[in-house]
Amino acid sequence: MRILWVLGGMVLGAVLTLIAGVALWLHDTGPTRAGIEVRVENRTGQDVREVRIEHGHGQVIYRAMGKGDTVALTYPVRGESSYSLVAVLEDGRELRGGAGYIERGARTREVLEPERVVSSDP
């Protein structure tokens, strides 16, 4: 009889461990905050022809950003990532910035100024 209690406890422990593991896996891979959000603000005093976010699995492009506009660009990621930002101004100049390291679900802010890009957490 004692062996049945021990065996039942082991089975119950294994089932609870499996349930907890599945719950954590679903939490990690769920759709909420599964991507990276990059908020780009244009404070250059001129229109921006193109804003490009280049990351490990591709790029996100936004065209025709007006003076003073703000846009939120997102891309999906699993785990860790990095991105670089390239903004092509109306006069043809390029501004470069971006995060060297970022984790899934993070939000960053990129402010385009006349001569540089200022990166920060929101």
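V111 touches E41, R43, R116, V117 and V118, leaving out residues up to four places away in sequence. This is a predicted model, and V111 is a handy place to enter it. V111 sits in strand β9, residues 107-112. V111 is buried, because its relative accessible area is 5%, under the 20% cut-off. Compare its position with that of G92. The two residues are 19 apart in sequence, and their C-alpha atoms are 18 Å apart in space.

Strand β9 belongs to an open sheet of four strands, in the order β4-β1-β9-β10. The pairing in this sheet is mixed. β4 and β10 (117-120) stand at the edges. Each of these two has a single partner strand, so one side of each is left without a neighbour in the sheet. Neighbouring strands here are turned by 20° against each other on average, direction ignored. Within this sheet, β1 and β4 pair in the antiparallel sense. Seven bridges hold that pairing. One of the bridge partners can be named: E41 is matched with T70 in β4. E41 has already appeared as a contact of V111.

There is also an open sheet of four strands with the order β3-β2-β6-β7. Its pairing is antiparallel. Which strands stand at the edges? They are β3 and β7 (94-97). Each has a single partner strand, so one side of each lacks a neighbour in the sheet. The twist from one strand to the next averages 15°. As a general point, strands of a sheet pair through backbone hydrogen bonds, either parallel or antiparallel.

Now follow strand β2, residues 48-55. Six of its eight residues are buried, so β2 is largely enclosed by the rest of the structure. On one hand, β2 is joined to β3 (residues 58-65) by seven bridges, and the two run antiparallel. They form a hairpin with two residues between them. Bridge partners mark out this pairing. V48 is matched with M65 in β3. E54 is matched with Q59 in β3. On the other hand, β2 is joined to β6 (residues 83-89), again by seven bridges. That pair also runs antiparallel. Here H55 has Y83 in β6 as its bridge partner.

H55 deserves a further look. It lies in strand β2. Is H55 buried or exposed? H55 is buried, with a relative accessible area of 15%. Leaving aside neighbours within four places in sequence, H55 is in contact with V60, Y75, S81, S82 and Y83. So Y83 is both a bridge partner of H55 and, because contact means heavy atoms within 4.5 Å, a residue that H55 reaches at that distance.

I53 has a longer list to read through. Apart from neighbours within four places in sequence, I53 is in contact with V38, G58, Q59, V60, L73, Y75, Y83, S84 and L85. I53 is also one of the residues with the most contacts inside the largest nonpolar core. The others named there are V40, Y75, L85 and L112. That core has 21 residues. The elements that give two or more residues to it are β1 (35-42), β2, β3, β4 (70-76) and β6. β6 gives the most, with four residues.

A64 makes a contrast with the buried residues above. A64 is found in strand β3. A64 is exposed, with a relative accessible area of 61%. What is the phi of A64? A64 has a positive phi of about 60°, although it is not a glycine. Most residues other than glycine have a negative phi.

Finally, step back to the whole chain. The protein chain is divided into domain 1 (1-30) and domain 2 (33-120). How many Å separate their centres? The centres of domain 1 and domain 2, taken over C-alpha atoms, are separated by 44 Å. The UniProt record, an unreviewed entry, places the feature "transmembrane region" at residues 6-26. In the model, the chain over residues 6-26 is 100% helix and 0% strand. The end C-alpha atoms of this stretch are 30 Å apart.

Conventions: Residues are numbered from 1 along each chain as its sequence is written. This is a predicted model: local features need pLDDT of at least 70, side-chain atom pairs count only at pLDDT 80 or more; totals for chains, interfaces and linings use all residues. Side-chain values use heavy atoms; hydrogens and water are left out. Buried means under 20% relative accessible area, exposed over 50%, partly exposed in between (1.4 Å probe, protein chains only). Two strands pair if DSSP finds at least two bridges between them. A nonpolar core is a set of buried Ala, Val, Leu, Ile, Met, Phe, Trp, Tyr and Cys residues joined through side-chain atoms within 4.5 Å. UniProt positions are given in the numbering used here, feature names are shortened, and annotations may be inferred rather than shown by experiment. Axes are lines fitted to C-alpha atoms, for helices over the stretch in contact, and angles run from 0 to 180 degrees between N-to-C directions. Domain bounds come from an automatic or database domain assignment.
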